[in-house]
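I opened a fresh page for this structure. My notes go down in the order I looked things up.

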Amino acid sequence: MSNTFLKQIIGCVLADANVLLHEVAVILPNRRARRLLLQGLHHAGGGKPMFVPEIFPMEEFVAWLSPLKVVDAVTQLLRLHELTRNFPGGRFETHQLLSWGTAFLKDISDMDMQLQDVPACLREFADAAKFEIPFGKEEMSETDRERILFNDLLADIYLQYKELLQTRKEAYEGMIYRDCAEHISEYAHNLPFKRLIFAGFYALSPSELEIIYYLKEHFHTEIYFDIDPFYCHIAEEAHLPYRERETSFFISRNCEKLGLDPKKLLFNEQNFASIPKKVSIVATSKNMRQIYGAIREVERIKAQKTPGSDGLVDMSDTAVVLADENLLLPSPISLTM
């Protein structure tokens, strides 16, 4: 989210005087945007104490809607071990489960978020995996037989695993999204907000589209896309290279699914071309080196700036983008920028 887009969102949040700010919910794509929005509201209010709207990253908003509780990755693996510890075959031993279990949980989470028929997908995978056994092999090895048995069990493991989590009122991320998409008409009645604002989204999953579409049709819901012709152009007369860009495709698909007119979207401004900027790319390997590399780059930029009257250097015009946003928490940069 650019500063210009952020300021316009703040203007939209503050524009409706008929709805109190604590009755407004702003839903953003990630946690980074939440901090920037809070800072912007603070400045817009002159630095005085004020009620602020409820600001959710999308994943927290969905988790807030659902009665299920998202559990961490370790707990998910423990639940999977609890389910499969009596299954036959070496692949269900603890050291083996730690290997395939993580990939399995990620795959079913992604498929649930996409509202796929997960058992059917896993059965197709099991059928396709049988072709990995060399054709014409006279006798299958014990390893081949174990692999076939394991793949054939995956669909049932998925169904039993979801049932186990549901009995505990627990869920993984994709399961939460699917649950909300399938029961949004029920869960939405608990919303205490009079105004919902979705801002800054691009590639929405089918489950997210289902949730937002229902809220748009039944609640006071506003949807704002941050559109810049440099990387997104959805007008009919757009040149072919613009139409083929990924962002243009996702915005067009979102408009189609949500019943929005692409010609009437707000905030279509040429910020990329009009706002001077300098981009530095630091190539590093592994997580900690990314953090150290980012710190060094920030210190280099900071040294080139002139301190203000209070002796502090204003770094508000500098953004650090890491490959994995989970690195923001261990990084000291997040505390100083």
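The entries below run from the whole chain down to single residues.

**Entry 1: the whole chain**

I am working with a predicted model, and I keep that in mind throughout. I began with the secondary structure of the protein chain. I found 14 helices and six strands. Next I asked what share of the 337 residues is buried. Buried residues make up 40% of them. Then I turned to contacts between residues with a separation of 6 or more. Residues 24 or more positions apart account for 74% of those contacts.

**Entry 2: helix α6**

I picked one helix to check in detail. Helix α6 covers residues 118-129, which makes 12 residues. How far apart should its ends be at 1.5 Å a residue? The expected span is 16 Å. I looked up the end C-alpha atoms, and they are 16 Å apart, so the two values agree.

Which residues of α6 are buried? I listed Val 118, Pro 119, Leu 122, Ala 126 and Ala 129. Looking down the axis of α6, I saw that these buried residues fall within an arc of 100°, so they line one face of the helix. I noted a general point beside this. An α-helix has 3.6 residues a turn, so residues three or four places apart point the same way.

I then asked what covers the buried residues of α6. The cover includes α5 (94-113), α7 (142-167) and α8 (173-187).

**Entry 3: cysteines**

I looked for disulfides. A disulfide is a covalent bond between the sulfur atoms of two cysteines. The count comes to zero. I still looked up two cysteines for exposure. Cys 121 is partly exposed, with a relative accessible area of 27%. Cys 255 is buried, at 2%.

**Entry 4: aromatic rings**

How many aromatic pairs does the structure hold? I noted 13. One of them is formed by Phe 198 and Phe 201. Their ring centres are 6.2 Å apart, and 55° lies between the planes. That makes the pair tilted, because the angle falls between the cut-offs of 30 and 60 degrees. Phe 198 and Phe 201 are both buried.

I followed the ring pairs outward. They link Phe 198 and Phe 201 with Phe 56, Phe 61, Trp 64 and Phe 193 into a cluster.

I also noted a charge over a ring. Arg 91 lies over the face of Phe 150. The distance to the ring centre is 5.3 Å.

**Entry 5: Thr 84**

Thr 84 sits in helix α4, which covers residues 73-84. Is Thr 84 buried or exposed? Its relative accessibility is 0%, so Thr 84 counts as buried. I listed what Thr 84 touches, leaving out residues up to four places away in sequence. The list is Phe 92, Leu 97 and Ile 157.

**Entry 6: Leu 21**

Leu 21 is in the loop between α1 (3-15) and β1 (24-28). This loop residue has 17% relative accessibility. The cut-off for buried is under 20%, so Leu 21 counts as buried. Setting aside neighbours within four places in sequence, I found Leu 21 in contact with Val 13, Leu 14, Met 50, Phe 51, Val 52 and Pro 53. I also checked Leu 21 against Lys 194. They are 173 residues apart in sequence. In space, their C-alpha atoms are 9.7 Å apart.

**Entry 7: Ile 301**

Ile 301 lies in helix α13 (residues 287-303). Ile 301 is partly exposed, with a relative accessible area of 21%. Not counting residues up to four places away in sequence, Ile 301 touches Met 315 and Thr 318. Met 315 is 14 residues from Ile 301 in sequence. From C-alpha to C-alpha, the two are 8.7 Å apart.

**Entry 8: two lysines with positive phi**

I closed with backbone angles. Lys 169 is not a glycine, yet its phi is positive, at about 60°. Lys 169 is placed in the loop between α7 and β4 (170-171). With a relative accessible area of 52%, Lys 169 is exposed.

What is the phi of Lys 286? I noted a positive value near 70°, again in a residue other than glycine. Lys 286 lies in the loop between α12 (271-274) and α13. At 67% relative accessibility, Lys 286 counts as exposed.

Methods: Residues numbered from 1 in each chain as written. Predicted model: local features only at pLDDT ≥ 70, side-chain atom pairs only at ≥ 80, totals over all residues. Heavy atoms only, no water. Helix = DSSP H or I, 4+ residues; strand = E, 2+ residues; numbered from the N terminus. Expected span 1.5 Å × (residues − 1). Buried < 20%, exposed > 50% of the residue type's maximum accessible area, 1.4 Å probe, protein only. Arc of directions from axis to C-beta. Contact = heavy atoms within 4.5 Å. Phe/Tyr/Trp six-rings, centres within 6.5 Å; stacked < 30°, edge-to-face > 60°. Lys NZ or Arg CZ within 6 Å of the ring centre and 35° of its normal. Disulfide = S-S within 2.5 Å.
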